[in-house]
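User: I have a model open and want to go through its surface and its ligand site. Please keep the answers brisk.

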Amino acid sequence: MSLVQLAMAARTPSALAHRIPTLLTIVVPTYNERTNIRLLAKRLDQVLGETGWEMVIVDDDSPDGTHAVAKSMARRDPRIRCLRRIGRRGLSGACIEGMLSSSSPYVAVMDGDLQHDETILPQMLEALREGASDLVIGSRLVEGGDAASGFGRARQWISATGARLSRLALRTDVRDTMSGFFMIRRDIADELVPKLCTDGFKILADILATAGPSLRVQEVGYSFRERHGGESKLDAKVALDFLGLILNKITGGTLPVSFVGFALVGVSGLIVHLAVLYVAMQAGAAFVAAQTCATLISIVSNFALNNSLTYRASRLRGWRWVRGLLMFSAICSISAVANIGVATWMFEREQTWIVAGLAGVLMGAVWNYAVSTKFVWRA
Ligand code: GDD
Ligand code: MN
């Protein structure tokens, strides 16, 4: 190498990275973000410059090959790493693994689609380093913050209502509890991590709930931008998980997060059942035939919905779908017998049909949930 080449090499990020210890890890969870991550890395470099930083891209084996792009970035710049997870989906789990994969004293979580404003990162880091806060949140709901540009009206309303609901459930003054943009001290993150939920979207809400009121939190306003490329992954499943998380926290962890989804699917099955029964009876079918038909269809519909919503991460396909359906039907049949048994026993003692009926349904639902989770959709 000539002297000139050496001098050039010394100025490249790779040469610098060996001299500056990592102070801040930025965890970027990704799913189909290949068009965005190069630009994000470039902007982080512009904003953080020679602050010792690294970017950990945690990709859930995106079909668009985000991980291939990330790995090729990582080959050129040692400040960038990529963790490719196979057979798993989930924003919270991805963030947690990214945090655990590093050892710097401060960790941030940031979306990979450029909606979060990277220019507030130095201010967030300063706030932690001064020692007055344990957690700093990039917030759309405090002064200097704004969510209007990145969201449509409906999303704005959902987001604001969600924030209000979670403020109540989490008993916190934090405005933007739904933010996906935050920075935390490593020692505190390490302490909390074993207690956090790996499925779900709301890792910040979970951190706030788990840490309790002793956590010193600060919010820094920023303006939520429009997504750069690709599309949002926030959908009905995410909303369901969030509801599950809130109920899980309210009940002190007794109610599993995915039970809410399972129970709602159960309610939808009841509606399907009654609808089929109605149509079949109108068409002049005998009651036994109509009821049998309604039962079978509602079992298939419950199975399909649970498979694509409640248990999306361990979704069954092809032959495993058929086998799963048969197992699910068997589990439901056993629970139907148990349900009738419990309800009859209660009715003989209580004589109130509504209490006895509900007890039977509840016991059936808990059995279906527990056994299906363990045997049909074991992750
Ligand atoms: N590894 C991984 N696995 N990453 C995921 C997954 C997943 O299953 N699902 C989404 N992501 C990544 C996306 O690629 C993106 O980088 C980031 O997580 C946020 O996902 P978006 O799909 O862009 O979410 P959003 O913009 O609709 O929601 C934003 O606003 C919410 C508040 O209303 C996010 O900032 C959320 O975190 C925030 O709670
Ligand atoms: Mn987004």
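User: Why does V355 count as partly exposed, rather than buried or exposed?

Analyst: This is a predicted model. V355 lies in helix α14. Buried means under 20% relative accessible area and exposed means over 50%, with partly exposed in between. V355 is partly exposed because its relative accessible area is 39%.

User: Which helix gives the most to the nonpolar patch?

Analyst: The patch covers about 540 Å² of surface. F347, W353, I354, V355 and L358 make it. Four residues come from one helix, spanning 353-375, and that is the top contribution. The helix is α14.

User: Which side chain has an N or O atom 2.7 Å from a nitrogen atom of ligand 1?

Analyst: Backbone atoms serve oxygen atoms of ligand 1 elsewhere: a backbone N or O atom of Y31 lies 2.9 Å from one, and a polar backbone atom of G90 is also 2.9 Å from an oxygen atom of the ligand. The 2.7 Å pair instead joins a ligand nitrogen to the side chain of D60.

User: What share of the area that ligand 1 exposes alone does the protein bury?

Analyst: Taken alone, ligand 1 exposes 750 Å². The protein buries most of this, at 98%.

User: How many charged residues are in the shell around ligand 1?

Analyst: The shell holds 28 residues, with E33, D111, M178, S232 and K233 the closest. Elements giving two or more residues are β1, α5 and α7. By class, 10 are nonpolar and eight polar, and the charged ones number 10.

Terms used. Residues are numbered from 1 along each chain as its sequence is written. Chains are lettered from A and ligands numbered from 1 in the order in which they are written. This is a predicted model: local features need pLDDT of at least 70, side-chain atom pairs count only at pLDDT 80 or more; totals for chains, interfaces and linings use all residues. Side-chain values use heavy atoms; hydrogens and water are left out. Patches are made of residues with over 30% relative accessible area and no salt bridge: like charges are joined within 9 Å, nonpolar side chains (Val, Leu, Ile, Met, Phe, Trp, Tyr) within 5 Å. Accessible areas come from the Shrake-Rupley method with a 1.4 Å probe; for residues, only the protein chains shown count as cover. A salt bridge is a side-chain nitrogen of Lys or Arg within 4 Å of a carboxyl oxygen of Asp or Glu. Buried means under 20% relative accessible area, exposed over 50%, partly exposed in between (1.4 Å probe, protein chains only). A residue is near a molecule or strand if one of its heavy atoms lies within 4 Å of it. A polar contact is a pair of N or O atoms within 3.5 Å; within protein, one must be able to donate a hydrogen and the other to accept it, and residues adjacent in sequence count only if both atoms are side-chain atoms. Ala, Val, Leu, Ile, Met, Phe, Trp, Tyr, Cys and Pro count as nonpolar, Asp, Glu, Lys and Arg as charged, and the others, Gly among them, as polar.
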